[in-house]
Every structure is written in C-alpha cells, then in structure tokens.
Amino acid sequence: MSELEHLSQSLARNLKHWRGERGFTLDTLAARSGVSRGMIIQIEQARTNPSVGTAVKLADALGVSIATLLDRDHGPQVRVVAPGERMRMWSTPTGSFNELLVGTELRGPVELWSWRLEPGDGSSSDPHPDGTAELIHVTEGVLTLIVDGEPHTVAAGCSAVFEANAPHAYRNDGTETLAMTMAVSVPPAR
C-alpha cells in the first residue's frame with residue numbers, strides 16, 4: 001500500500017471516529033466545516049484524498065489537530081516521530097513544502113510543523129476557529145506573514161505569534177530559501 005493510500009485509510013478511520021466521538025451527523029459536520037456532505041462521505045470511505053484546506057477545515061470543526069486526524073495508530077504516552085514518518089501535507093514543484101512534525105490533543109490540539117518555502121512561493125489558509133494561535137520561528141530567509149490582509153516581515157532569528165481566526169498566508173518574497181518552524185494551538189471542540 002502506498003503512503004497516499006495509508007494516509008487515506010487513516011483519515012477515513014479517524015474522521016469516522018472523531019465524528020462519532022463528537023456526536024456529529026454528516027450534516028452537522030458539513031455545516032460546521034463548510035465541507036460538503038458528499039465530500040465527507042467520500043473521505044470516510046477512503047475514495048478521495050482531500051486538499052490540505054479541506055483536511056484543516058474538518059480538523060478545526062472536530063476540534064482536533066491534523067496530526068490526530070491523520071494519525072495511523074493511537075499508542076503510548078510518548079510518541080517519537082522519525083523523519084520518515086513525518087506527514088507532508090503540501091508541496092510545490094519548486095521544492096517548497098510543509099511537514100507536520102508532531103501533534104497532541106492534551107488540553108486542546110497542538111501541532112508542530114516544519115516549513116520550507118522557495119523564493120516566490122507561498123501558501124494561504126482560511127481562518128481557523130476563534131482561539132486558535134499560530135507561533136512561528138524563522139530559521140532561514142525572510143517570511144512575509146499576511147494576517148487579515150496586512151503583511152508582516154519576520155526575518156531569520158525572529159519569531160511571531162498571531163490569532164489565526166482571520167485569513168492568513170505565508171510568502172517568500174526574497175531570493176533565499178525560507179525555513180521556519182510553526183506551532184498551532186487549536187481550542188478544544190465545545
């Protein structure tokens with residue numbers, strides 16, 4: 001089974017589990033996430049691989065992290081994630097990518113991401129639920145962070161934190177590769 005097939009199977013199993021855990025019908029999850037009922041059915045049957053944006057909307061609506069939604073197995077208190085086990089969620093032909101490093105559900109979902117953006121590349125995100133915070137630390141290059149239409153420059157060695165309940169984007173407007181680490185804290189589902 002390919003990596004993508006494993007990912008589809010994990011997502012299908014976990015989406016069904018967390019939807020049941022929350023007591024959400026298909027219609028409830030569709031209304032909360034903005035993802036169509038038909039798409040949710042296809043995902044739960046592992047018949048499609050949703051976009052990163054769709055997976056994020058579903059995780060946000062369920063009040064769980066992407067790591068939890070894609071987790072292959074639920075195990076011990078300590079989980080070590082080797083480099084080959086990271087989940088690449090987004091990439092471009094020029095070499096930009098992000099990888100989910102690790103996540104947890106303790107006291108609300110928390111995710112740790114590694115990002116690489118090549119010059120000229122960028123990625124945008126829909127608003128997350130109120131109370132979601134993103135923390136960014138740039139290790140190489142210069143990040144143009146756009147939150148609710150306003151650009152902010154974050155240079156190598158600098159960090160930023162923001163409430164992610166507004167549209168936001170990450171861009172590399174420079175000439176060097178941009179590398180950053182991001183933590184995302186999502187409030188638990190109510």
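## Reading aromatic pairs, a helix face and positive phi

Analyst: At 6% relative accessibility, tryptophan 115 counts as buried. The model is predicted, and tryptophan 115 is a useful place to begin.

User: How many aromatic pairs does the structure hold, and how is such a pair described?

Analyst: Two values describe a pair of aromatic rings: how far apart the centres are, and the angle of the planes. The structure here holds two aromatic pairs. In one of them, the rings of tryptophan 90 and tryptophan 115 have centres 5.5 Å apart and planes at 40°, so the pair is tilted. This pair links distant parts of the chain, with tryptophan 90 in strand S1 (residues 87-91) and tryptophan 115 in strand S3 (residues 110-117), 25 residues apart.

User: Is tryptophan 90 buried or exposed?

Analyst: Tryptophan 90 has a relative accessible area of 18%. Buried means under 20%, so tryptophan 90 counts as buried.

User: Which residue forms the other aromatic pair with tryptophan 115, and what is its geometry?

Analyst: Tyrosine 170 does; the centres lie 4.9 Å apart with 50° between the planes, and this pair is tilted. It also links distant parts of the chain, from tryptophan 115 in S3 to tyrosine 170 in strand S9 (residues 168-171), 55 residues apart. Both tryptophan 115 and tyrosine 170 are buried. Trp90, Trp115 and Tyr170 form one aromatic cluster.

User: Which ring has the charged end of arginine 88 over it?

Analyst: That of phenylalanine 97, with the charged end of arginine 88 at 3.8 Å from the ring centre.

User: Turning to helices, why do residues three or four places apart point the same way?

Analyst: An α-helix has 3.6 residues a turn, so residues at that spacing point the same way. For a case here, take helix H3 (37-44). Ile40, Ile43 and Glu44 are buried in H3. They cover an arc of only 95° around the axis, which puts them on the same side of H3.

User: Which helices do the buried residues of H3 pack against?

Analyst: They pack against helix H1 (3-22), helix H2 (26-33) and H4.

User: What sign does phi usually have in residues other than glycine?

Analyst: Most residues other than glycine have a negative phi. Alanine 46, which follows H3, has a positive phi, near 55°. Alanine 46 lies in the loop between H3 and helix H4 (52-62). Its relative accessible area is 22%, and alanine 46 is partly exposed.

User: Where is aspartate 148, and what is its phi?

Analyst: Aspartate 148 is in the loop between S6 and S7. Its phi is near 55°, again a positive value in a residue other than glycine. Aspartate 148 is exposed, with a relative accessible area of 57%.

User: Which glycine is found in the loop between strand S6 and strand S7?

Analyst: Glycine 149 is found there, between strand S6 (142-147) and strand S7 (150-155). Glycine 149 is exposed at 64% relative accessible area. Its C-alpha atom is separated by 7.6 Å from that of proline 167, 18 residues apart along the chain.

User: What share of the contacts in the whole chain comes from residues 24 or more positions apart?

Analyst: Among contacts with a separation of 6 or more, such residues account for 62%. The protein chain has five helices and ten strands. Of its 190 residues, 45% count as buried. The accessible surface comes to about 9800 Å², with 51% belonging to carbon and sulfur atoms.

Methods: Residues numbered from 1 in each chain as written. Predicted model: local features only at pLDDT ≥ 70, side-chain atom pairs only at ≥ 80, totals over all residues. Heavy atoms only, no water. Helix = DSSP H or I, 4+ residues; strand = E, 2+ residues; numbered from the N terminus. Buried < 20%, exposed > 50% of the residue type's maximum accessible area, 1.4 Å probe, protein only. Contact = heavy atoms within 4.5 Å. Areas by Shrake-Rupley, 256 points an atom, 1.4 Å probe, with all protein chains shown as cover. Phe/Tyr/Trp six-rings, centres within 6.5 Å; stacked < 30°, edge-to-face > 60°. Lys NZ or Arg CZ within 6 Å of the ring centre and 35° of its normal. Arc of directions from axis to C-beta.
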